[in-house]
Amino acid sequence: MLERNIHALNKRRQREIAEATAQEKLAEAITRFTGSMLFVYIHLAIFGFWIVANLGWIPGVPQWDESFVVLAMWASVEAIFLSTFVLISQNRMQAAADKRADLDLQISLLAEHEITKMATQVAAMAERMGVKTEVDEEIDEITQNVAPEAVLDEIEATQPKAN
């Protein structure tokens, strides 16, 4: 059972990766690279050289950006694009998380329904056999199916109102 579930999940992930658009794959690749230490090292080297060279500390290398305006512009434009790529990746990850949450909810509702049915059957068998238990007072509540809408309404009613 465990192997079947793992196989099904892996197959689903592979299908989601295969169904991703070229733009999503590119954004994911860029986000993955920009989140790496190699990206940090490259930037340390480039920015470090840029700053040291434009401070005039490297003999024979002319200063081309003494006020660092070009460096600041480059870093700003890069930050705009990187944040966009990160947002694209986060949107894709959120969509996948929403699907998993929906699946979790469905499984939980199915399990709750099955447990309620079993509790009803066990209660009927206990009644027929004349068996009394300490949960007899709760049996009516236990054997009622949960209405998800009612639970959500109750949760929303108890949440503090946002201003």
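This section describes the overall fold, the dimensions and a nonpolar surface patch of a predicted model.

The secondary structure of the protein comprises six helices and zero strands, and the order of elements along the sequence is α-α-α-α-α-α. The radius of gyration of the protein is 30 Å, well over the 15 Å that the globule rule gives for 163 residues, and the protein is therefore more spread out than a compact globule. Along the principal axes, the C-alpha trace spans about 100 × 45 × 25 Å.

With respect to solvent exposure, 12% of the 163 residues count as buried, where a residue is termed buried if its relative accessible area is under 20%. The protein exposes about 13,400 Å² in total, of which 64% is supplied by carbon and sulfur atoms. Considering contacts between residues at least 6 apart in sequence, 54% join residues at least 24 apart.

A nonpolar patch is present on the surface, formed by F33, L38, I42, I46 and W74. Together, these residues have about 410 Å² of accessible area. Helix α3, which covers residues 37-54, contributes three residues and thereby the largest share of the patch. One of the patch residues located in helix α3 is I46. The relative accessible area of I46 is 33%, so this residue is classed as partly exposed, a category that lies between the limits of 20% for buried and 50% for exposed residues. Because patch membership requires over 30% relative accessible area, the value of 33% for I46 satisfies this cut-off.

Technical notes: Residues are numbered from 1 along each chain as its sequence is written. This is a predicted model: local features need pLDDT of at least 70, side-chain atom pairs count only at pLDDT 80 or more; totals for chains, interfaces and linings use all residues. Side-chain values use heavy atoms; hydrogens and water are left out. Patches are made of residues with over 30% relative accessible area and no salt bridge: like charges are joined within 9 Å, nonpolar side chains (Val, Leu, Ile, Met, Phe, Trp, Tyr) within 5 Å. Accessible areas come from the Shrake-Rupley method with a 1.4 Å probe; for residues, only the protein chains shown count as cover. A salt bridge is a side-chain nitrogen of Lys or Arg within 4 Å of a carboxyl oxygen of Asp or Glu. Helices (H or I, at least four residues) and strands (E, at least two) are DSSP runs, numbered from the N terminus. Buried means under 20% relative accessible area, exposed over 50%, partly exposed in between (1.4 Å probe, protein chains only). The radius of gyration is taken over C-alpha atoms; the globule rule is 2.2 Å times the number of residues to the power 0.38. Contact means heavy atoms within 4.5 Å.
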